[in-house]
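Visitor: Please show me the model, and let us then examine the terms used to describe it.

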Amino acid sequence: MSLVKKFATVGGATLGSRLFGFARETLMAAALGTGPMADIFYAAFRFPNLFRRLFAEGAFNAAFVPLFSKEIEANGVEGAKRFSEEVFGVLFTALLVITIGMQLSMPLLVRWIIAPGFADDPEKTAITVRMAIVMFPYLMCMSLTAMMSGMLNSLHHFFAAAIAPVFLNVIMISALLYALWTGADPLTTGWYLSWSVLAAGIVQLAIVYFGVRHAGIRIGFRRPKMTPNVKRLLVLAVPAAVTGGITQINQIIGQAIASGKEGAIAALQYADRIYQLPLGVVGVAVGVVLLPELARALKGGHMKEASNIQNRSLEFVLFLTLPAAAGIWILSEAIIRVLYERGAFSADNTAVVASILAIYGLGLPGFVMIKALQPGFYAREDTKTPMRFTIVSVVVNSALAISLFPLIAERGIATAEAAAGWINTCLLFFTLWKRGDLTWEWSFARRVLMLLIATAFMSAGLIYAMPYAAPWLTPGSGLLHQLGALFGLIGLAMVTYFGIAFLIGGADLGMIRRNLKRGKRAPAPTADDQQ
């Protein structure tokens, strides 16, 4: 199977999750707007979400997958099963201790880390504490889910792991619809959402568990024991956990700063949801697929193939994210109005959230390239270098956010995150190139230049067309008129960009198809081959 087909499998499932996420945020905007309860819920939910990224997705995508792949190569499926059980015993025990400890410490954590700006409002702080306690076990469910997702990805079973996140949005949408249908007040709505997060974690864990069983591996519980394999995993996972959670780390810093202004946390969240669509569909898909592919090529000694896979992935990322970034910048206000401006979400809210989204759009290619560059280190079992760059990124983000928030409020936090993302991207790229792990290709540089030219023509076309679509995008226009105008502009942008990109040589379907296929060599047997 070609890389592009694997990207499509993971990206398609992620697209479904992100679309349901849009529906969820639209209902959230209608039910809670950017009011106090929206701030409370997002603040309480951010913390378990941060730890999920730190201890689950980042650590296991970076550390578990290469080691699991190595076990499959060396000892077959039985060796991989034994390794998984060793890890499961240690992980389950550690997560149980962390969850109980964090729940007991939640009053202090909310006051000093999660939302220090709530300190002057005891009721707001108390509700945030209680909701965070209810949602924190979501971390345990999602960490175990991430481990099993890593197993599935290594076995080339991508769909179950990619589709599981859809159920978080489906269950939360159900809670919001019930709240709107019953006319629940904001506090009751917040509690419905909190319990729905916990329920979603359990459902997602069940989905990947049965996916692993379907792939031919049954995981049993082993007494926690620090075996050599587990020690190696921890050595790799600790720095990878920090690195993998960079976006969440920067966002929680921004949230702590933003908690000083009412509505700021919710405004950042609504904008974040929009740019997460291309980030998830392209960035997550590339990162998930690229790591096991690079690990397999390097373990087999196929250095040239590994370099080719890395370059083609970067090319694929830029091909899709450059126009997305320009489109988000130009269409930010129209996007926010169509998706959110109804119910408790006002025209003033639209202006604020749109300005944040436009800034996030500028950072989008950098955020996605991080996902494509980090596997180049992780596949070589180097998790410390990306961690160092992450620390630099966090320092830059913190300094800029603190400096800019008093001047331009929420937009300052978005600017800090975008700048930190680009700095991290540049450090990763030039380090791989300097080490010789990323081969410089003048043909690649020429294609990127052609893609930038196509993006410029697309942007000019959008700017020219905006005045004609403006009457259909006013706050007083009907939803169908707004949707028609927005999709018309997006359609124009797509036709212009893809047409020019293929015309001037920025992209070529035949070339992409050939270069993203595996080499002609026979790959090592996988679980798919054995079934």
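Guide: The following exchange sets values from this model against the definitions behind each term. The model is predicted, so local features need pLDDT of at least 70 and side-chain atom pairs count only at pLDDT 80 or more, while totals for chains, interfaces and linings use all residues. Residues are numbered from 1 along each chain as its sequence is written, and side-chain values use heavy atoms, with hydrogens and water left out.

Visitor: Why are α15 and α16 called roughly antiparallel?

Guide: The axes of helix α15 (residues 442–469) and helix α16 (residues 479–504) cross at roughly 150° and come within 8 Å. Helices here are DSSP runs (H or I, at least four residues), numbered from the N terminus. Axes are lines fitted to C-alpha atoms over the stretch in contact, with angles from 0 to 180 degrees between N-to-C directions. Angles over 145 degrees count as roughly antiparallel (under 35 as roughly parallel, 65 to 115 as roughly perpendicular, the rest as oblique). The two helices are therefore roughly antiparallel to each other.

Visitor: What is the handedness of the crossing of α15 and α16, and which classes of residue make up the contact?

Guide: The crossing of α15 and α16 is right-handed: the near helix is turned clockwise from the far one by less than a right angle, whereas anticlockwise would be left-handed. The contact of α15 with α16 has 18 nonpolar, 3 polar and 1 charged residues. Ala, Val, Leu, Ile, Met, Phe, Trp, Tyr, Cys and Pro count as nonpolar, Asp, Glu, Lys and Arg as charged, and the others, Gly among them, as polar.

Visitor: What makes leucine 473 buried?

Guide: Leucine 473 is found in the loop between α15 and α16. Its relative accessible area is 7%, and buried means under 20% (exposed over 50%, partly exposed in between, with a 1.4 Å probe and protein chains only). Leucine 473 therefore counts as buried. Arginine 337 is 136 residues from leucine 473 in sequence, and 7.9 Å from it in space, C-alpha to C-alpha.

Visitor: Why is the pair of phenylalanine 88 and phenylalanine 92 called stacked?

Guide: The structure holds 18 aromatic pairs. In this one, the rings are 6.1 Å apart centre to centre, with 25° between the planes. Rings of Phe, Tyr and Trp (its six-membered ring) pair if their centres lie within 6.5 Å, and planes under 30 degrees apart count as stacked, over 60 as edge-to-face and the rest as tilted. The pair is therefore stacked.

Visitor: Where do these two residues lie, and is each buried or exposed?

Guide: Both lie in helix α2 (residues 36–114), 4 residues apart, about one turn of the helix. Phenylalanine 88 counts as buried because its relative accessibility is 14%, whereas phenylalanine 92, at 29%, counts as partly exposed. Leucine 108 is also found in helix α2, and its 58% relative accessibility makes it exposed.

Visitor: How do you know that the charged end of arginine 111 sits over the ring of tryptophan 112?

Guide: The charged end of arginine 111 is 5.9 Å from the ring centre. A charge sits over a ring if NZ of Lys or CZ of Arg is within 6 Å of the ring centre and within 35 degrees of the ring normal.

Visitor: What is notable about the phi of alanine 409?

Guide: Most residues other than glycine have a negative phi. Phi of alanine 409 is near 55°, a positive value. Alanine 409 is found in the loop between α13 (384–408) and α14 (410–435), and at 17% relative accessibility it counts as buried.
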